[in-house]
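Good morning, colleagues. Please look at the model on the screen while I take you through it.

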Amino acid sequence: MKFPMVMVHLLYFALLTLIVPSLAQFEPCDDEHHEMTYEAWRKDTSANYMSSSSTAPFNNDNRFNSEWIGFAGAAGVSIATSCRGMNKCGTRKPVWLVGDMPTVEHTTFDVDACIPDNETNCCAQILKVSVRTCRISSDSSQSFLIYKLATTPTDAAYCTVGDRNECLDNDYTCPANTRCVDKVFDTTDNKGYNCECIDGYTFNGQSCVDDNECVDPNICSSNSVCQNTVGSYRCICNSGYQMVGTTCQDVNECLVNKGGCSHQCLNTAGGYLCRCPRGFELSGTSTCVDIDECASNLDSCEQNCVNTIGYYFCQCWGGYDTTDHTNCLDIDECASPVDNTCHNNATCTNTAGSYICTL
Ligand SMILES: [Ca+2]
Ligand SMILES: [Ca+2]
Ligand SMILES: [Ca+2]
Ligand SMILES: [Ca+2]
């Protein structure tokens, strides 16, 4: 029987998927392949200093049996790489690692672990330890090493140092409107970080709530109003003002199209006014129209008033003559023969605005 080619391929694929996982390399850095320890006592802090007269039993690591171990939380981040002296780290003889630690990720190094004997002999006994670099960071608190540790004598234990920055490592849970602030792992609350309100929020005893910044009367510059927003606030310039930098300054409306005025524009703080030349007045707010001085009794004419666009002029009735564009003076027609039509034998009598001829 001949197998179709596609069946051969399927079989090959099935075999591969069966074989490949078992060929995958064992990686101690994987969570399931190392054990994490969190003991507060082993970290080099003044709280873990002991009196030189302390008596056994001491903390020790005689339980370790070459499994991969990592340190976290109250236990710091790594085993000390310098001598700590005696009676520290919760034990009589704090064990420390000597020599350079590996700097390439996912490599394993064998290093010596020193057990001190007294204050001047920091390396009286050596244990063989393996270090594996799961993560190397320029910030040593962010590096993650695991160790394969030898059993210690009953008066010695591995001394740890450092504190992890959970915030940088994104290993934290903070409620809304808060940020992670790193701290040295605290055994009172069993946390290596705090959650603090972000800017613009204040803790009210239960949660972080928006600050009303507008309560401060000086938060915004003059000529503006404050508007509270969630997490912040806004300064809104009053009408006629615009934000220049951080202050509200008058807008000069006259700079654009005379502010819409038909004739003259006058800028004012927070606004502007339209002005009219002499002889005109505003109709509405922006358009200048001629004043009818005659109709408004604003003229100074003795007799007739004639309105013009922009002004007016005076006219005199017949028989009168203007003397100064305003007043009218009766013409004495009798004074000159050319000004009257009386017969030579008649007597000319001047009257206001006219004359009479009598025989
Ligand atoms: Ca921390
Ligand atoms: Ca606010
Ligand atoms: Ca203005
Ligand atoms: Ca006029």
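How far apart do the C-alpha centres of domain 3 and domain 5 lie? In this predicted model, the separation between those two centres is 72 Å. I open with that value as a lead into the overall layout.

The chain is divided into five parts: domain 1 covers 31–161, domain 2 covers 178–210, domain 3 covers 214–250, domain 4 covers 253–290, and domain 5 covers 304–358. In secondary structure, the chain has one helix and 27 strands. Its radius of gyration is 52 Å, whereas the globule rule gives 21 Å for 359 residues; the chain is therefore more spread out than a compact globule. Taken along the principal axes, the box filled by the C-alpha atoms is roughly 165 × 85 × 40 Å. Of the 359 residues, 22% count as buried. Among contacts with a separation of 6 or more, 42% are between residues 24 or more positions apart.

Let me turn to the sheet that contains strand 1. Seven strands form this open sheet, in the order 1-2-7-6-5-4-8, and the pairing is mixed. Which strands stand at the edges? They are strand 1 and strand 8; each has a single partner strand, so one side of each is left without a neighbour in the sheet. On average, and ignoring direction, neighbouring strands here are turned by 40 degrees against each other.

The individual pairings show how the mixed character arises along that order. At one edge, strand 1 pairs with strand 2 in the parallel sense over three bridges, and M36 stands opposite G70 in strand 2. Strand 2 in turn pairs with strand 7, in the antiparallel sense and over three bridges; there, I69 has Y147 of strand 7 as its bridge partner. At the other edge, strand 4 and strand 8 pair in the parallel sense, again over three bridges, with P94 opposite A157 in strand 8.

One peptide bond between strand 1 and strand 2 deserves a remark. P57 lies in the loop between strand 1 (35–37) and strand 2 (68–71), and the bond that joins A56 to P57 is cis, with omega about 5 degrees. As general background, most peptide bonds are trans.

Next, the nonpolar interior. In soluble globular proteins, nonpolar side chains tend to be buried together. The largest nonpolar core has 25 residues, of which I79, V95, W96, A113, V129, Y147 and C159 touch the most other members. Which elements give two or more residues to this core? They are strand 4 (93–98), strand 5 (108–115), strand 6 (125–135), strand 7 (144–148) and strand 8 (156–158). Y147 thus appears twice in this account, as one of the core residues with the most contacts to other members and as the bridge partner of I69.

A113 may serve as an example of the packing. Leaving aside residues up to four places away in sequence, A113 touches V95, W96, L97, I126, L127, V129 and A150. Apart from the largest core lies another, of five residues, including F71, A75, V77 and F185.

I come now to domain 4, which spans 253–290. Strand 18 and strand 19 pair in the antiparallel sense over five bridges, and T268 stands opposite G271 in strand 19. Their hairpin has two residues between the strands, and G270 takes a positive phi near 90 degrees in it.

The loop between strand 17 (247–250) and strand 18 (264–268) holds N257, and K258 lies in that loop as well. Phi of N257 is near 55 degrees, and phi of K258 is near 50 degrees; each is a positive value in a residue other than glycine. For comparison, most residues other than glycine have a negative phi. Are these two residues exposed or partly exposed? N257 counts as exposed because it has 9 C-beta neighbours inside 10 Å, whereas K258, with 15 other C-beta atoms within 10 Å, is partly exposed.

Finally, consider R278, which is found in the loop between strand 19 (271–275) and strand 20 (280–283). R278 counts as exposed, because it has 7 C-beta neighbours inside 10 Å. How far from R234 is R278? They are 44 residues apart along the chain, and their C-alpha atoms are separated by 45 Å.

Note on methods. Residues are numbered from 1 along each chain as its sequence is written. Chains are lettered from A and ligands numbered from 1 in the order in which they are written. This is a predicted model: local features need pLDDT of at least 70, side-chain atom pairs count only at pLDDT 80 or more; totals for chains, interfaces and linings use all residues. Domain bounds come from an automatic or database domain assignment. Helices (H or I, at least four residues) and strands (E, at least two) are DSSP runs, numbered from the N terminus. A residue is buried if 20 or more other C-beta atoms lie within 10 Å of its own, exposed if 12 or fewer, and partly exposed in between; C-beta atoms are placed from the backbone. A nonpolar core is a set of buried Ala, Val, Leu, Ile, Met, Phe, Trp, Tyr and Cys residues joined through C-beta atoms within 7 Å. Two residues are in contact if their C-beta atoms, placed from the backbone, lie within 7 Å. Two strands pair if DSSP finds at least two bridges between them. Axes are lines fitted to C-alpha atoms, for helices over the stretch in contact, and angles run from 0 to 180 degrees between N-to-C directions. The radius of gyration is taken over C-alpha atoms; the globule rule is 2.2 Å times the number of residues to the power 0.38.
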